[in-house]
Amino acid sequence: MKSLSIFSLSLLFSVCCFAQHISKTDHHFLVKKEDSLKVFATKILMDTRDYGRFKADSAFTKTFVRALKTPYSFYYPFDSLQTISTLYAPDSSFRIFTWQLIISDNFVRQHGAIQMRTADGSLKLLPLIDKSEMIQNINDTVTNNRAWVGALYYKIIETKDKDNDQPCYTLFGYDENNMRTTKKLLEVLTFDEDGLPVFGASDYFHFEADSIVKAPVNRFILEFKKDASPALTYDDDMGMIVIEHLESESNEPLKKWTLVPDGDYEGFKWEKNKWVHIDKIFHQVTPDGQAPTPDPIKGNGGDLLHDKLSPATSSDKKIETPPAQQDNNVPTDNP
């Protein structure tokens, strides 16, 4: 949590320093555009008519690009757009916008863009074009922004590839997918020598030889039953990605619509320039002869044992439990 607070303060400081470059006229323009964008963004998600959602998505995209062309728009937060995910890179080098468009009950497409920070405040915008329906093997495919595996990103963390001193941004994504299953994913975003985004890389995910995952993967994907909601997040205190393990309700693991959380947790820890898979995070085994025993505050006759009483309350006691599942259908930065 400390690192998050430091990042938040750093970002706030940057915004305050550079917001002065946005003239009053431009700021007023952005406020007005944001008001229009809120209406379109809500209709993209809530309009009951296909035509209405498509029209709102088109209007939103055109209006948003027009707004982003405003000098130094990178520092304008657009924080009232509640249905649009906006994530700043921890080093503030870019921010990424994503949202979803429901095509039909059985098909959802994601849209998005990466806005790079520029010294002169000009717009450098990289559109994200969802081509997931055309990619045969999503797990093992490296993509770019024009052949993107669509996702609604809800978290981003930064690590460092020490071999080439290149920052690596791990994205946590959410995809409504279809009527039967939902997906969550992890993928590493890097930028090539031309400054263009690269999504996915097998070098960044490592599984042990005895793992059920035998082949290298370029991104890690959870696909599960529609009404399930397994945790997939980053725990700052543990310094690792925490994933709620899935198992089939009907002992048919290949049928993704039967997979639900089973209460165990696996994860990834950043070691030697890669995310190393950990099969089981919590190992709590009670040694023989050390099982907990009752410590009553009353004797056999029902009298209070005053030496067992103290001013401490239950709030003074720390109970260690696995991370609580906090996901909702609309992801936030606290999945």
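A residue is called buried here when its relative accessible area is under 20%, and by that cut-off R219, with a relative accessible area of 0%, is buried. The model in which this arginine sits is a predicted one, and the paragraphs below start from the charged pairs and move on to the nonpolar core and the aromatic rings.

R219 forms a salt bridge with E187, and the closest N and O atoms of the two side chains are 2.8 Å apart. This pair links distant parts of the chain, since E187 belongs to strand β7 (residues 181-191) and R219 to strand β10 (residues 219-225), with their positions 32 residues apart in sequence. E187 also has a relative accessibility of 0% and therefore counts as buried, just as R219 is buried at 0%.

Across the whole structure, a search finds 9 salt bridges, and two others make useful companions to this one. In helix α3 (residues 50-68), R53 and D50 are 3 residues apart, which means that about one helical turn separates them, and their side chains meet in a salt bridge with an N to O distance of 2.5 Å. The two ends of that bridge fall into separate accessibility classes, because R53 counts as buried at 7% relative accessibility, whereas D50, with a relative accessible area of 39%, is partly exposed. In the salt bridge between E252 and K255, the closest N and O atoms are 2.8 Å apart; here E252 is partly exposed at 31%, and K255 is partly exposed at 33%.

In soluble globular proteins, nonpolar side chains tend to be buried together. The largest nonpolar core of this model has 24 residues, and those with the most contacts inside it are L186, F205, F220, I241, I243 and F268. Strands β7 and β10 are among the elements that give two or more residues to this core, together with β5 (152-161), β6 (166-175), β12 (240-248) and β13 (259-271). I241 can serve as a viewpoint on these surroundings: leaving aside its neighbours within four places in sequence, its contacts include T170, F172, L186, F268, W275 and I281.

Turning to the aromatic rings, a search of the whole structure finds 18 aromatic pairs. In one of them, the ring centres of Y154 and F172 lie 6.2 Å apart with their planes at 55°, so the pair is tilted. Because Y154 lies in strand β5 and F172 in strand β6, this pair ties together parts that are 18 residues apart in sequence. Both rings belong to buried residues, as Y154 has a relative accessibility of 3% and F172 one of 0%.

A second pair is formed by Y169 and F191, whose ring centres are 6.3 Å apart and whose planes meet at 80°, so the arrangement is edge-to-face. This pair links distant parts of the chain, with Y169 in strand β6 and F191 in strand β7, 22 residues apart. Y169 counts as buried at 3% relative accessibility, and F191 counts as buried at 15%. Elsewhere, ring pairs link F60, F64, Y76, F78, F97 and W99 into a cluster.

Charged groups and aromatic rings also come together in this model. The charged end of R95 sits over the ring of F74, at 5.5 Å from the ring centre, while R180 lies over the face of W257, at 3.9 Å from the centre of that ring.

Key:
Residues are numbered from 1 along each chain as its sequence is written. This is a predicted model: local features need pLDDT of at least 70, side-chain atom pairs count only at pLDDT 80 or more; totals for chains, interfaces and linings use all residues. Side-chain values use heavy atoms; hydrogens and water are left out. A salt bridge is a side-chain nitrogen of Lys or Arg within 4 Å of a carboxyl oxygen of Asp or Glu. Helices (H or I, at least four residues) and strands (E, at least two) are DSSP runs, numbered from the N terminus. Buried means under 20% relative accessible area, exposed over 50%, partly exposed in between (1.4 Å probe, protein chains only). A nonpolar core is a set of buried Ala, Val, Leu, Ile, Met, Phe, Trp, Tyr and Cys residues joined through side-chain atoms within 4.5 Å. Contact means heavy atoms within 4.5 Å. Rings of Phe, Tyr and Trp (its six-membered ring) pair if their centres lie within 6.5 Å; planes under 30 degrees apart count as stacked, over 60 as edge-to-face and the rest as tilted. A charge sits over a ring if NZ of Lys or CZ of Arg is within 6 Å of the ring centre and within 35 degrees of the ring normal.
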